[in-house]
Structure formats: C-alpha cells, structure tokens
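Student: Please take me through one part of this model in close detail. Pick a single residue, start there, and work outward.

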Amino acid sequence: MSLHRNPIYEAVGYYVASNAMVTYDGTIIYNDNIVSSPTLNVSELNRHVLEHFLEGELPLLHPIGGLSVVLYGFGWVVYGHWLVEFFTRVYTVHAFGMDLNKITWILPNDVPQYVLSFLSKIGIRKESLFLFDHKREIVCCENLLIPVNLCKSSSNAHPLFEKYCQWFRKLCVGHEAALDKCNKLFVTRKSFTNHRPVVNGDELKEISQEFGYQVFSPETMSLDEQIEIFSTAASIAGEYGSGLHNSIFAPEHAVITALRINRQAFGFVQSSLAAAGGQTMSYVFGEERDDGLYIRPDWYRTALQYADDSINSRF
C-alpha cells in the first residue's frame with residue numbers, strides 16, 4: 001500500500017449535529033460527550049478541555065443559528081495544520097456544492113492573521129466568520145456541520161486530497177506559475193526555537209548554498225511573498241514540518257527534501273502533499289541526540305545531488 005495515499009481510507013463527507021456545542025481548542029460537545037474520532041483528527045488529547053474549565057469560572061454561552069462549521073481544533077496554533085488539515089474542511093464543504101458564505105465558520109478570536117488572509121483568498125467573507133473567546137465561552141450551534149478531514153496526521157491522505165491541493169494552490173497563487181530551475185530554497189525558521197533542532201544546521205546551510213540554494217525563512221516575509229517564491233520553486237529542502245508544507249504552492253515536478261527523525265510516529269504527511277502536487281519526495285533521516293537531530297553531511301549532499309539530477313532531467 002502506498003505510504004501517502006490510502007485506497008481504503010474512511011468515506012469522506014460530513015456529519016450534522018443539531019444543538020452541538022463548541023469550546024476550548026475547537027472541541028465539539030454533543031449529547032454531553034466530547035466528540036472523539038480519528039477521521040476528525042480528534043483524540044483523547046482533548047481531555048485537557050475538561051481540566052481547563054474545571055479550573056476557572058463557568059463559560060458564557062453564544063447561540064448560532066443555521067449551518068456552522070468549526071474551522072480549527074487541536075494543533076491550530078501550528079501553521080502546517082491549517083494547510084494539511086483545517087482548510088481541507090472548507091474544500092469538503094465546497095466539493096459538496098454548498099455556498100461557503102451561507103455557513104458560519106467558527107474560529108478563536110486570537111486566530112493567526114495568516115488564517116484570515118487565506119480565508120479571504122479562498123472566498124470566505126469576513127462577515128461569514130464567527131470569532132469567539134474559546135477559553136471563556138461556549139458556542140451553541142443549531143446545526144453543526146462536521147466535515148471529515150482529508151489527511152490524517154500520521155501518514156496518509158484520501159485520494160480527494162489531491163483535488164484539495166490543486167484547488168487551494170489555484171486560489172492562493174492566482175496565476176500559472178512555471179517551475180524555475182534556479183529557484184532552490186533551503187527553508188529555516190528563525191522566529192522561534194525548534195523543539196527538534198538540527199544540531200549541525202549551519203553546516204547544512206553552507207552545503208545548501210554550495211548547491212545554489214537560497215536560505216529562506218518564510219516567517220520573515222509577507223504571506224503573498226511566501227506564496228510567490230514557493231510557487232516557482234524547483235527544489236525545497238529543510239527540516240520536516242510547517243515550513244516544508246508550503247510545497248503545496250510549488251509547481252509540479254518540484255523536488256522536496258525533508259530532514260527528519262526516523263520514527264513512524266512522527267508522520268509522513270509531507271509525502272501526501274508531494275504526491276498531490278506531482279512532486280518528488282526525498283527524506284534524509286538523521287541521528288537523534290540529546291541536543292537535537294544530527295544529519296550526516298554526506299547523506300545530505302547525496303540528496304541535493306539527487307534533486308539537481310531530477311530537476312535537470314526536466315530541462
């Protein structure tokens with residue numbers, strides 16, 4: 001079975017729950033139970049919701065009439081979760097022929113600005129959003145639409161995930177962008193400390209530059225600038241995670257090189273993204289040390305040479 005595409009993935013669609021409630025971290029409460037399902041990427045991890053409300057005062061209640069969708073959940077503070085998980089819910093609703101602006105989209109009031117920018121790009125108007133203080137409030141929904149996720153956090157995606165990626169890229173890039181063989185990116189993250197740092201990262205940056213890569217920190221640029229530079233990238237290399245998930249904007253035949261630990265539990269969602277975009281996926285597995293991840297320089301050089309050979313074969 002393919003690692004990135006599961007032909008026996010559960011059926012895609014949506015549930016409708018009448019008189020459901022939404023609260024902390026996008027948790028859904030229905031018939032006095034917390035909704036937990038692998039098809040929603042919701043698990044027992046959300047038991048922390050109960051602990052949160054047991055510590056403080058009783059929450060305020062807000063009613064919402066008509067149809068509504070919870071557009072966030074566990075992991076919502078991480079950029080990559082939006083690209084591979086939460087925005088797929090919008091596509092599922094769209095694929096069923098519903099008007100995206102006749103639905104109320106529920107979000108926390110401290111949602112990152114990039115989320116609002118993406119929603120604007122995919123056609124959801126500001127007045128269709130309902131932002132609330134999910135740490136202190138509960139939303140009571142007349143009819144809550146619960147779309148099934150198209151991509152599982154562990155490894156694989158539904159075949160419809162490919163259609164989602166094409167739809168999302170078209171709306172966000174906004175024009176036909178051809179692969180530029182000279183546009184090669186080594187993705188780093190400067191604004192926060194990585195919880196799984198590559199201990200020889202500086203050495204890998206130098207090797208990347210030897211191969212003609214631009215050292216690129218997405219968070220230092222505007223969203224439109226990020227999308228534009230990724231939209232023509234021939235090769236994208238870097239630590240496995242949110243930065244590499246921007247490959248959703250890259251063109252067909254781009255090569256993606258992920259540096260990561262050698263554990264299945266860490267997931268292979270990046271393979272699903274690459275497959276959906278018609279891109280070549282490459283992994284360089286490192287050695288886990290007490291201070292982080294060590295990547296063998298000779299293995300990394302081999303991966304970049306493989307990327308160059310793949311790119312040059314297209315020209």
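Tutor: Start with Asp-25. Its relative accessible area is 12%, so Asp-25 counts as buried. The cut-off for that label is under 20%. Bear in mind that this is a predicted model.

Where does Asp-25 sit? Its place is the loop between β1 and β2. Its phi is positive, near 60 degrees, and the residue is not a glycine. For context, most residues other than glycine have a negative phi. The two strands form a hairpin with 3 residues between them, and Asp-25 takes its positive phi there.

Now the strands on either side. β1 covers residues 14-23, and β2 covers residues 27-30. They run antiparallel and are joined by 3 bridges. Within that pairing, Val-22 stands opposite Ile-28 of β2. β1 also pairs with strand β7, residues 137-147. That pairing is antiparallel too, over 8 bridges. Here Ala-20 has Cys-141 of β7 as its bridge partner.

Follow the chain past β2 and you reach Asn-31. Asn-31 is found in the loop between β2 and β3. Its phi is near 55 degrees, again positive in a residue other than glycine. Is Asn-31 buried or exposed? Its relative accessibility is 57%, so Asn-31 counts as exposed. Asp-25, by contrast, is buried.

Next, another set of strands. β10 spans residues 233-239, and 6 of its 7 residues are buried. Strand β8, residues 180-187, runs parallel to β10 and is joined to it by 5 bridges. Phe-186 stands opposite Ala-237 in β10. β10 also pairs with strand β11, residues 255-260, in the parallel sense over 5 bridges. There, Ser-235 has Val-255 in β11 as its bridge partner. Arg-260 lies over the face of Phe-268, 4.1 Å from the ring centre. In another charge-over-ring case, the charged end of Arg-289 sits over the ring of Tyr-294, 4.1 Å from its centre.

Now the rings. A pair of aromatic rings is described by the distance of the centres and the angle of the planes. The model holds 22 aromatic pairs. Take Trp-82 and Phe-86: their centres are 4.9 Å apart and their planes stand at 65 degrees, so the pair is edge-to-face. Both lie in helix α2, residues 79-95; they are 4 residues apart, so about one helical turn separates them. Trp-82 and Phe-86 are both buried. A second pair is Phe-216 with Phe-230: centres 5.3 Å apart, planes at 70 degrees, so edge-to-face. Phe-216 belongs to strand β9 and Phe-230 to helix α6, so this pair ties together parts 14 residues apart in sequence. Phe-216 and Phe-230 are buried as well. One aromatic cluster includes Trp-82, Phe-86, Tyr-114, Phe-118 and Phe-249 among its members.

Last, helix packing. Helix α3, residues 113-121, packs against α6 at an angle of about 65 degrees, with the axes 11 Å apart. On the α3 side the contact is made by Tyr-114, Ser-117, Phe-118 and Lys-121; on the α6 side, by Leu-223, Asp-224 and Ile-227. By type, the contact residues divide into 4 nonpolar, 1 polar and 2 charged. Tyr-114 and Phe-118 serve in this contact, and both are also members of the aromatic cluster.

Note on methods: Residues are numbered from 1 along each chain as its sequence is written. This is a predicted model: local features need pLDDT of at least 70, side-chain atom pairs count only at pLDDT 80 or more; totals for chains, interfaces and linings use all residues. Side-chain values use heavy atoms; hydrogens and water are left out. Buried means under 20% relative accessible area, exposed over 50%, partly exposed in between (1.4 Å probe, protein chains only). Two strands pair if DSSP finds at least two bridges between them. Rings of Phe, Tyr and Trp (its six-membered ring) pair if their centres lie within 6.5 Å; planes under 30 degrees apart count as stacked, over 60 as edge-to-face and the rest as tilted. A charge sits over a ring if NZ of Lys or CZ of Arg is within 6 Å of the ring centre and within 35 degrees of the ring normal. Axes are lines fitted to C-alpha atoms, for helices over the stretch in contact, and angles run from 0 to 180 degrees between N-to-C directions. Contact means heavy atoms within 4.5 Å. Ala, Val, Leu, Ile, Met, Phe, Trp, Tyr, Cys and Pro count as nonpolar, Asp, Glu, Lys and Arg as charged, and the others, Gly among them, as polar.
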